[in-house]
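Biologist: I am new to this structure and should be grateful for a close look at a single part of it. Please choose one place, describe it carefully, and then set it in its surroundings.

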Amino acid sequence: MEKTVPAASELLKDQPKNWNRWGPEDEVGGLNFLTRQEVLRGVRAVTQGKVFTLQIQMGHPDGDPVWPGRKESQRANVVDEGLYLAGKGPQFPGGLHYADDVMFLYLQGSTQYDALGHVWCDGKLYNGYDAKTTMGGMSKASVLPLAERGIVGRGVLIDMARHRGKAVLDPGETFNHEDLLAAAAAQGVTIEKHDVLVVRTGWIGSFHHRDRTEFYRNFVEPGLTYSPALVEWFHAMEIPNLATDTIANEVTVDPISGVVLPLHVALMSNLGVTFTEICSLDALAADCAEDSQWSFLYAAAPLKVVGGSGAPVNPIAVK
Ligand code: UVW
């Protein structure tokens, strides 16, 4: 007999919400936890001056990892020396030549922040905003307030792949907050309240080594899996931001209920946890494994796209 999949709102009906916690006009959710004290706590994690950039390459000639149905970013030259050689380049007194290009991209098609209103259930976005405010561009809970504010705090990396002795977790492989805590203990680091939680699965790092058809077959990523206890843990820990090296920051389909992406609702929409997706974490993870320092200053600011449901970002980790 076929399993009936509940509505996400039904699955999550008793789960906590941070709507109105920061007032009826709030659009940045968990970023409210990142006070000046939290910025300074992040700064105190800097001990060596090592810098890591966490964005994947964008417009890679072999394609970029995207959620099925989205198109990969495409960059194209508009002006280059070829145009000048053809006698068509723009001419200026003094003879300067220049290069120009354009890019077609999904705002969720690279390393990016999701706006808190990016997903919703039952016609209500984060903080109770009406889903009609998404029409023609998001007028509420868009990526712009996240971008205007910036995200700076203490980051902690949990390397689930390394913890399980794998280069990359398997498609559909799940883990929960207890697994994160076990991995943290094995790494010798503590996940502290208000940390930016960065989780490595190895998935995005494997994209350019994998057969493309195999990567997208029955598309199911590894990742965090929903349970009321996991949501309660995020709520109690007041996690402002979850960053992972997967396209969607959670296992694609909840293996118990069959609901697709329930944590997008339970964490992002209900609690206001900001999501950084499609991060490149392999170099940072290799370095953390070598020097045993798993915490760092995390700093990021998505692009200020007016009305955007998300925006590309190149987060920085400083150890
Ligand atoms: C979807 O919106 C489906 O996913 P993501 O948040 O990963 O962009």
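Modeller: The place chosen here is Leu 261, which lies in the loop between β9 and α9 (262–271). The model is a predicted one, and the description below should be read accordingly.

Consider the backbone of Leu 261 to begin with. Its phi is near 55 degrees, a positive value in a residue other than glycine. As a general matter, most residues other than glycine have a negative phi. Leu 261 counts as buried because its relative accessibility is 14%, and the cut-off for that word is under 20%. A second residue with a positive phi that is not a glycine is Glu 238, where the angle is near 50 degrees. Glu 238 is placed in the loop between α8 (228–237) and β9 (241–244). Its relative accessibility is 14%, so Glu 238 is also classed as buried.

The loop that holds Leu 261 also contains Val 259. With a relative accessible area of 5%, Val 259 is buried. Neighbours within four places in sequence being set aside, Val 259 is in contact with Val 5, Pro 6, Ala 8, Leu 11, Thr 252, Val 253 and Asp 254. From Val 259 to Tyr 226, which is 33 residues away along the chain, the separation between C-alpha atoms is 9.7 Å.

Leu 261 also belongs to the surroundings of the ligand. The residues around the ligand are Trp 67, Arg 70, Gln 108, Asp 114, His 118, Ile 247, Ala 248, Leu 261, His 264 and Glu 277. By character, this shell divides into four nonpolar, three polar and three charged residues. Oxygen atoms of the ligand are approached in several ways. From His 118, a polar side-chain atom lies 2.7 Å from a ligand oxygen. From Ile 247, it is a backbone N or O atom that lies 2.7 Å from an oxygen of the ligand. From Glu 277, a polar side-chain atom lies 3.1 Å from a ligand oxygen. Taken on its own, the ligand has 270 Å² of accessible area, and the protein covers 90% of that area.

The loop of Leu 261 leads to α9, and that helix deserves attention next. Ten of the ten residues of α9 are buried, so the helix is largely enclosed by the rest of the structure. Among these buried residues are Pro 262, His 264, Ser 269 and Asn 270. His 264 is thus a buried residue of α9 and one of the residues around the ligand. The elements against which the buried residues of α9 pack are α1 (8–11), β4 (112–114), β8 (223–224), α8, β9 and β10 (274–277). Two residues around the ligand, Asp 114 and Glu 277, fall within β4 and β10 respectively. Just after α9 comes Gly 272, where phi is positive, at about 80 degrees.

What, then, is the place of α9 in the nonpolar interior? The largest nonpolar core has 68 residues, of which Ile 158, Leu 180, Leu 197 and Phe 234 touch the most other members. The largest share of this core, six residues, comes from α9. Phe 234 shows how these parts meet: residues up to four places away in sequence not being counted, it touches Leu 197, Leu 224, Ile 239, Leu 242, Leu 267, Leu 271 and Val 273. Of these partners, Leu 267 and Leu 271 are buried residues of α9. Apart from the largest core lies another, of eight residues, including Ile 56, Ile 204, Ile 247 and Ile 278. Ile 247 is therefore counted in that other core, whose members are by definition buried, and Ile 247 is also listed around the ligand.

For contrast, a few places elsewhere may be noted. Gly 49, in the loop between α2 (36–44) and β1, counts as exposed because its relative accessibility is 53%. Glu 214, in helix α7 (residues 212–216), counts as partly exposed at 35% relative accessibility. Ser 73, by comparison, is found in the loop between β1 (51–53) and β2 (74–79), and at 7% relative accessibility it is buried. The side chains of Ser 73 and Asp 64 are joined by a polar contact of 3.5 Å.

Note on methods
Residues are numbered from 1 along each chain as its sequence is written. This is a predicted model: local features need pLDDT of at least 70, side-chain atom pairs count only at pLDDT 80 or more; totals for chains, interfaces and linings use all residues. Side-chain values use heavy atoms; hydrogens and water are left out. Helices (H or I, at least four residues) and strands (E, at least two) are DSSP runs, numbered from the N terminus. Buried means under 20% relative accessible area, exposed over 50%, partly exposed in between (1.4 Å probe, protein chains only). A residue is near a molecule or strand if one of its heavy atoms lies within 4 Å of it. A polar contact is a pair of N or O atoms within 3.5 Å; within protein, one must be able to donate a hydrogen and the other to accept it, and residues adjacent in sequence count only if both atoms are side-chain atoms. Accessible areas come from the Shrake-Rupley method with a 1.4 Å probe; for residues, only the protein chains shown count as cover. Ala, Val, Leu, Ile, Met, Phe, Trp, Tyr, Cys and Pro count as nonpolar, Asp, Glu, Lys and Arg as charged, and the others, Gly among them, as polar. A nonpolar core is a set of buried Ala, Val, Leu, Ile, Met, Phe, Trp, Tyr and Cys residues joined through side-chain atoms within 4.5 Å. Contact means heavy atoms within 4.5 Å.
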